[in-house]
Amino acid sequence: MQESASRPLNIVVLVKHVPDAQFDRHLSGPGHTLDRSESILSELDEYALEAALQLAEARGGQAAGNSVTALTMGPDAAVNAVKKALQIGAYRGVHVNDPALAGSDAAATSLVLAAALAQVGGPEGGPGIPDLVVTGMASTDGETSLVPAQLAERLQLAQVTFASELEVADDDGAAVVRARRNGDSYSETLEAPLPALVSVTDQANDPRYPNFKGIMAAKKKTITVLSLQDLGIEPSQVGLDGAWTTVAASAPRPARSAGTVITDDGDAGVRLVDFLAAQKLI
């Protein structure tokens, strides 16, 4: 899809610090929360960031007044997701960090992110709702895909999900977002007026990698840190106390048992058939 150059866009991309899939995942603490000691920027969020950067660059980039802000919520280490986004190309970053956030579920997360978006989503990072909120299709830890829909509801934004292509066009002076969504046997194009929230799939683009210039430039970019007090949210509304769901118990996954080995002593075929029949596979 081609971009129609016109008024600048103010875009916020949601990014998340998630456990690296190369390592085993562990739950810890009384709330059975995920151990995030070995974490990285969620891979699926890179597609959202790339989509936002392409939209901004098609309209002249930062020099033409466009803005791409990376927003995250999480503990101290979560700022690394924002830093990675800045290295890739985001113009500024926002980190919501408060000890009371530990253990927050999707509902509490959307509550906090909605408040943060309203506070920093305007021009130059000031108050206001951004023209476009872009997210990945899911986070690679929880993979619930709940937060985008909850955010759209809280902010009363039009919502377009699972976009494989994305553009913003100006029709008769009104900016609209158009997205292609691919099904198993069909493809449909959706359109919504701005402001809007869009989640993109891993088919939307090929995310860029941070280069040396981007890494050095990121050191000069601003990261705003917000607390619950800054957002006007009570600690009781978030964390384990404010969660709509709880994990009652958790245990390590049992180790895989050894498989059945059939040695061919002349009757391996018969024994294999007997095994498959016993497992109701034939």
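The following legends describe close-up views of a predicted model.

**View 1. The cis peptide bond between Leu194 and Pro195.** The peptide bond joining Leu194 and Pro195 is cis, with omega at about 5°. Pro195 belongs to the loop that runs between strand 12 (187-193) and strand 13 (196-200). Most peptide bonds are trans, and this general pattern is the background for the view.

**View 2. Gln156 and its positive phi.** Gln156 is a residue other than glycine, and its phi is positive, near 55°. The loop that holds Gln156 connects helix 4 (147-155) with strand 9 (158-163). Most residues other than glycine have a negative phi. The relative accessible area of Gln156 is 62%, so the residue counts as exposed, the cut-off being over 50%.

**View 3. Lys280 in the segment after helix 8.** Lys280, likewise a residue other than glycine, has a positive phi, near 60°. Its place in the chain is the segment that follows helix 8 (268-278). With a relative accessible area of 75%, Lys280 is exposed.

**View 4. Helix 3, residues 106-120.** Helix 3 contains 15 residues, and at 1.5 Å a residue these should span 21 Å. The C-alpha atoms at the two ends of helix 3 are 21 Å apart, which agrees with that expectation. Twelve of the 15 residues are buried, and therefore helix 3 is largely enclosed by the rest of the structure. The buried residues include Ala106, Ala107, Ala108, Thr109, Ser110 and Val112 in the earlier part of the numbering. Also buried are Leu113, Ala114, Ala115, Ala116, Leu117 and Val120.

**View 5. Helix 2 and the glycine that follows.** In helix 2 (residues 79-88), the buried residues are Val79, Ala81, Val82, Ala85, Leu86 and Ile88. Gly89 comes after helix 2 and has a positive phi, near 150°.

**View 6. The surroundings of Thr72 in strand 6.** Thr72 lies in strand 6 (residues 67-73). Its relative accessibility is 0%, and because buried means under 20%, Thr72 counts as buried. When neighbours within four places in sequence are left aside, Thr72 is in contact with Val15, Lys16 and His17, with Ala78 and Val82, and with Val94, His95 and Val96. One of these contacts, Val82, is itself among the buried residues of helix 2.

Conventions: Residues numbered from 1 in each chain as written. Predicted model: local features only at pLDDT ≥ 70, side-chain atom pairs only at ≥ 80, totals over all residues. Heavy atoms only, no water. Helix = DSSP H or I, 4+ residues; strand = E, 2+ residues; numbered from the N terminus. Buried < 20%, exposed > 50% of the residue type's maximum accessible area, 1.4 Å probe, protein only. Expected span 1.5 Å × (residues − 1). Contact = heavy atoms within 4.5 Å.
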